[in-house]
Amino acid sequence: MGKFLEKLVEKMEAGKIVCGVCVSLNDPAISELVGMAGYDFVWIEGEHGAMGRSEMQNLMIGAHAGGAAAMIRLPYTDAALVRPVMDMGPDIIGFPFINSAEDAKKAVAACTYPPKGVRGWNPQRAGRYGQMGQSAYVEIAEKETLKMMIVEQEEGFRNIEEIVNVEGVDMIVLGPGDLSVGMGLKGRQDDPRIIEMMNHAADICVRYHKPFLAWPSMTEQSLREWEQKGASMFGFPQDSFFISQAIMKLWPEYEKAIPESKRTR
């Protein structure tokens with residue numbers, strides 16, 4: 001287990017809640033500054049947006065340079081995509097739309113060498129660019145990258161108990177966004193039905209001692225609620241949103257200070 005992942009796991013095992021920021025822009029300096037700011041992990045957004053494989057690896061390198069673990073969310077569980085990303089050496093790899101035990105087993109198999117799985121052999125950065133002996137890497141490979149299942153649809157929430165009990169599943173993400181859209185609620189995550197399903201899934205994770213990640217809003221109340229529900233990880237979205245919010249906050253000051261006849265908007 002790499003030192004950044006080991007540090008994250010030690011904190012969770014000590015009962016602490018680890019925190020990370022979602023990064024979708026392609027500059028590795030962003031993931032580096034997230035780590036420098038003291039966050040435990042960088043969520044590298046490989047499902048949405050324009051990110052390619054080389055950008056994923058550079059963001060992993062940036063996260064480690066800043067002292068944070070590198071977590072990457074992939075767009076699907078196809079082994080042809082998973083294999084090269086595993087060879088980059090992520091600390092945590094996440095799979096979206098996990099709706100059943102079979103989905104989870106497929107994801108785990110894509111990360112695992114035969115005979116247990118279907119991962120192809122030739123680790124690159126994961127094997128320290130060839131500086132680690134081949135047999136040495138095989139011995140530790142299953143512990144080098146944790147497998148994270150993202151549950152974000154009604155079917156997945158109904159099957160949460162069987163998903164958390166799949167061998168090789170290390171952690172769960174509870175995703176209210178896609179759940180809300182899929183239920184026709186258009187992103188309204190405060191709907192009682194969403195809250196009920198999220199709470200049930202959190203209870204299952206706690207019952208089976210499976211770490212789970214929640215997405216609290218940036219309020220004291222939300223953070224405390226998820227702490228009380230047993231979350232082991234907090235995720236905060238996302239670099240582009242934070243930049244947009246900071247930029248947009250300038251306009252009210254501009255409008256207060258400058259007469260309307262001289263404004264550009």
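Helices, meaning DSSP runs of H or I of at least four residues, and strands, runs of E of at least two, are numbered here from the N terminus. With that in place, and bearing in mind that this is a predicted model, let me start at Gln238, which sits in the loop between strand S8, residues 233–236, and helix H12. The peptide bond that leads from Pro237 into Gln238 is cis, with omega near -20 degrees.

A second cis peptide bond joins Pro114 and Pro115, where omega is about 10 degrees, and Pro115 belongs to the loop between helix H5, 101–110, and helix H6, 134–144. Tyr129 lies in the loop between H5 and H6 as well; its phi is positive, near 55 degrees, although the residue is not a glycine, and Tyr129 is exposed, with a relative accessible area of 52%.

Back to H12, which packs against helix H13, residues 250–257, at an angle of about 10 degrees and with the axes 4 Å apart, so the two helices are roughly parallel to each other. In that contact, Ala246, Ile247 and Met248 of H12 meet Leu250, Trp251 and Pro252 of H13, and by class these are six nonpolar residues, with no polar and no charged ones.

H12 is also among the elements covering the buried residues of helix H2, together with strands S1 and S2 and helix H3. Those buried residues of H2 are Ile30, Ser31, Val34 and Gly35, and because they fall within an arc of 140 degrees when seen down the axis, they line one face of the helix. At the N-terminal end, Asp27 caps H2 through a side-chain oxygen 2.9 Å from the backbone nitrogen of Ala29, while Gly38, with a positive phi near 105 degrees, follows the helix.

Definitions and conventions. Residues are numbered from 1 along each chain as its sequence is written. This is a predicted model: local features need pLDDT of at least 70, side-chain atom pairs count only at pLDDT 80 or more; totals for chains, interfaces and linings use all residues. Side-chain values use heavy atoms; hydrogens and water are left out. Buried means under 20% relative accessible area, exposed over 50%, partly exposed in between (1.4 Å probe, protein chains only). The arc is that of the directions from the helix axis to the C-beta atoms. Contact means heavy atoms within 4.5 Å. A polar contact is a pair of N or O atoms within 3.5 Å; within protein, one must be able to donate a hydrogen and the other to accept it, and residues adjacent in sequence count only if both atoms are side-chain atoms. Axes are lines fitted to C-alpha atoms, for helices over the stretch in contact, and angles run from 0 to 180 degrees between N-to-C directions. Angles under 35 degrees count as roughly parallel, over 145 as roughly antiparallel, 65 to 115 as roughly perpendicular and the rest as oblique. Ala, Val, Leu, Ile, Met, Phe, Trp, Tyr, Cys and Pro count as nonpolar, Asp, Glu, Lys and Arg as charged, and the others, Gly among them, as polar.
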